[in-house]
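Let's take a walk through this one together, starting with strands and ending with the empty spaces. Here is what we'll be looking at.

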Amino acid sequence: MPTKASAPRLSDLVRGRTTMPTGSFLKHLPASTWQTMMEDWDQRIRSYKRDQLLPLDPEHRDVFIIVQGCVRQERFPLGSMPDAPTITRFRGVGEVVGEAKLIDGTSSVTTTCMTKTYVIPWRVNYMWRLQRHEPDVQLALLRSLEDRNRQDERIYATFALPAFQRVSMLLAHLAETVGQPDPTLTRSTTISGLTQKDLAAALQLGVSTVENAVSSLRRHGVIEAGYRKFIVHDLDALQDSATRT
């Protein structure tokens, strides 16, 4: 069993010792600007337990930068009545969540921690002021949101692709953005907190369809599936399955 990931250190984040996923807000943000943000604001990393909601309801006035862990965001385009359809997306390290509050303070999206998740909260008023005085912050946010939109289209909305390829693509994406190296297994990455039902909801596939895709990957030794986790043993093979036509 892999050991639990320790809490990230703020000093490591500020000094660039933690690699951020491509396309994320913290990847786009210049190191000097990040340093300025941390000096101007006496900030602390906060943790939220698995299955806990991030406080992004209209009563709260924070946005969050994820520095470790994974969250599931659910939107209800037709309203939140029982059995209403949902749009599910997973967000990970380096990303900003709650960014809509910078435009509309009443905005809210259900955001659930899939694992123990570490975040840095930022007051909306501070982010408004910061973007006016530090254009690099606004540019990094806009670039990250554009990258996120393109990534969402490629991963979640490619309905014409075979289900096996779509499941492989999502797992490869999660391994790169929320996965943790497994210290007990060489070159393996653990995606914690997610179930096959979660993958099915995000891809709008049947659970049995996802189970078949996962079983095929498991038979070929690419991944291993356990209780609320996937262990990726061969990321190259998984990425090959995701791009194979």
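Before anything else, one bit of vocabulary: two strands pair if DSSP finds at least two bridges between them. Keep in mind, too, that this is a predicted model.

With that in hand, look at β3, which covers residues 71-75. Four bridges join β3 to β6, and the two strands run antiparallel. If you want a spot to anchor your view, E74 stands opposite T110 in β6. Now zoom out a little. The open sheet here is built from three strands, in the order β4-β3-β6, with antiparallel pairing. β4 and β6 (110-113) are the edge strands, as each of them pairs on one side only. Ignoring direction, neighbouring strands of this sheet are turned by 25 degrees against each other on average.

Next, the cysteines. How many disulfides does a search of the whole structure find? Zero. Take C70: the nearest cysteine sulfur belongs to C113 and is 9.1 Å away, and C70 is in no disulfide. Why does C113 not bond with C70? A disulfide needs the two sulfur atoms within 2.5 Å, and the sulfur of C113 is 9.1 Å from the one in C70, its closest cysteine sulfur, so the gap is too far for a bond. Are these two residues buried or exposed? C70 has 1% relative accessibility, so C70 counts as buried. C113 comes in at 0% relative accessibility, and therefore C113 counts as buried as well.

On to the empty spaces, starting with the enclosed ones. The structure holds two cavities of 30 Å³ or more. The largest cavity has a volume of about 140 Å³. Its lining is made of 18 residues, and T22, G23, S24, E95 and Q151 are the ones that lie nearest the centre of the largest cavity. Which elements supply at least two residues each to that lining? They are β4 (87-91), α5 (135-156) and α6 (163-177), so you'll meet one of the sheet's edge strands again here. α5 gives the most to this lining, with five residues. As for chemistry, the lining of the largest cavity divides into six nonpolar, eight polar and four charged residues.

The second largest cavity contains about 70 Å³ of space. Among the residues that line the second largest cavity are L56, Q73, R75, G98, E99 and K101. Sorted by class, the lining of the second largest cavity has three nonpolar, four polar and three charged residues.

Finally, turn to a space that is open rather than closed off: the second largest pocket, with a volume of about 300 Å³. There are 16 residues lining this pocket, and T19, V93, G179, Q180 and P181 are the closest to its centre. The elements that give two or more residues to the lining of this pocket are β2 (62-68), α6 and β8 (180-181). Which of them has the largest share of the lining? That is α6, with three residues. By class, the lining of the second largest pocket has eight nonpolar, seven polar and one charged residues.

Conventions. Residues are numbered from 1 along each chain as its sequence is written. This is a predicted model: local features need pLDDT of at least 70, side-chain atom pairs count only at pLDDT 80 or more; totals for chains, interfaces and linings use all residues. Side-chain values use heavy atoms; hydrogens and water are left out. On a 1 Å grid over the protein atoms alone, a cavity is a set of points where a 1.4 Å probe fits but cannot get out, and a pocket is an open set with protein on both sides within 12 Å along at least five of seven lines; lining residues have an atom within 4 Å of a point. Grid points are joined across faces, edges and corners, and a volume is the space filled by probe spheres set on the points. Ala, Val, Leu, Ile, Met, Phe, Trp, Tyr, Cys and Pro count as nonpolar, Asp, Glu, Lys and Arg as charged, and the others, Gly among them, as polar. Buried means under 20% relative accessible area, exposed over 50%, partly exposed in between (1.4 Å probe, protein chains only). Axes are lines fitted to C-alpha atoms, for helices over the stretch in contact, and angles run from 0 to 180 degrees between N-to-C directions.
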